[in-house]
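Trainee: I would like to take a close look at one part of this protein and then follow it outwards into the rest of the chain. Could you take me through it slowly, with the reasons as we go?

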Amino acid sequence: MMKSTQTFPPARIYIINDSIEECHTISNNLLRVGYRVDFATNGHEGLQMVLELPPQCLILNDVLAGTSGFAISRHVRAIPAFQTMLIIIIGTQNSQINQKYAFKMGANSYLAKPFPPETLLQIIK
């Protein structure tokens with residue numbers, strides 16, 4: 001029996017966060033372990049990226065100019081083809097209310113800032 005030598009490309013991850021510094025920090029941690037990463041610094045641009053070339057994982061800031069990560073999560077989850085996409089919302093408040101709301105809007109996970117990079121990597125794996 002022959003073993004398959006086929007390799008698969010690394011998962012594509014999009015970050016939608018209006019802080020360019022946070023985008024770079026999260027992106028660098030993900031790139032270091034082999035993920036393909038793109039980011040948008042506003043919700044509308046980020047949602048357009050998701051609709052045009054869907055990622056395997058979407059990392060959203062809870063508050064964005066003109067919209068929110070919660071609203072984007074709800075919108076993405078309403079599309080049947082995106083039901084299995086991993087959605088992570090990151091926010092400034094470590095509260096049960098925000099966490100429950102993130103889950104209600106379709107997110108798989110909610111992380112409060114600051115969080116260790118290892119925590120995010122564990123959720124994505």
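Trainee: Which residue forms a salt bridge with E22, and how far apart are the closest N and O atoms of the pair?

Mentor: Please keep in mind throughout that this is a predicted model. The partner of E22 is K113, and the closest N and O atoms of the two are 3.0 Å apart, which places the pair inside the 4 Å limit used for a salt bridge. This pair is also the one salt bridge that the structure holds. It links distant parts of the chain, since E22 belongs to helix α1 (residues 20–32) while K113 sits in the loop between β7 (109–112) and α5 (117–124), 91 residues apart. Neither partner counts as buried, because K113 has a relative accessible area of 23% and E22 one of 26%, so that both are partly exposed.

A useful contrast is R12, which lies in strand β1 (residues 12–16). R12 is buried yet takes part in no salt bridge, and D38, the nearest side chain of opposite charge, is 5.0 Å away. That distance is beyond the limit of 4 Å, and therefore the two do not count as a salt bridge. Setting aside residues up to four places away in sequence, R12 touches R36, L53, P54, P55, Q56 and C57.

One of those contacts, C57, brings us to the cysteines. C57 is buried, because its relative accessibility is 3%, and C23 is buried too, with a relative accessible area of 0%. A search of the whole structure nevertheless finds zero disulfides, and for C23 the reason is distance, because the closest cysteine sulfur, that of C57, is 13 Å from its own, too far for a bond.

C23 also leads us into the interior, where it is included, with I13, L86 and L120, in a second, separate nonpolar core of 17 residues. The largest nonpolar core has 21 residues, and L58, I72 and V76 are those with the most contacts inside it. Two or more residues come to this largest core from each of β1, α2 (43–52), β3 (57–61), α3 (69–77), β6 (86–91) and β7. If we leave aside its neighbours within four places in sequence, I72 is in contact with I16, G43, L47, L58, L60, L64 and T67.

Two of those contacts, G43 and L47, are among the buried residues of α2, which also include G46, M49 and V50. These buried residues are on the same side of α2, because they cover an arc of only 155° around the axis. An α-helix has 3.6 residues a turn, so residues three or four places apart point the same way. H44 and E52, by contrast, are exposed on the other side of α2. The cover over the buried residues of α2 includes β1, β2 (36–40), β3, β4 (63–64), β5 (67–68) and α3.

Our last stop is helix α3, where S73 has its place. S73 counts as buried, because its relative accessibility is 0%. Not counting residues up to four places away in sequence, S73 touches L60, I87, I89, M105, G106 and A107, and L60 appears among the contacts of I72 as well.

Notes: Residues are numbered from 1 along each chain as its sequence is written. This is a predicted model: local features need pLDDT of at least 70, side-chain atom pairs count only at pLDDT 80 or more; totals for chains, interfaces and linings use all residues. Side-chain values use heavy atoms; hydrogens and water are left out. Helices (H or I, at least four residues) and strands (E, at least two) are DSSP runs, numbered from the N terminus. Buried means under 20% relative accessible area, exposed over 50%, partly exposed in between (1.4 Å probe, protein chains only). Lys and Arg count as positive and Asp and Glu as negative; His and the chain ends are not counted. Contact means heavy atoms within 4.5 Å. A nonpolar core is a set of buried Ala, Val, Leu, Ile, Met, Phe, Trp, Tyr and Cys residues joined through side-chain atoms within 4.5 Å. A disulfide is a pair of cysteine sulfur atoms within 2.5 Å. The arc is that of the directions from the helix axis to the C-beta atoms.
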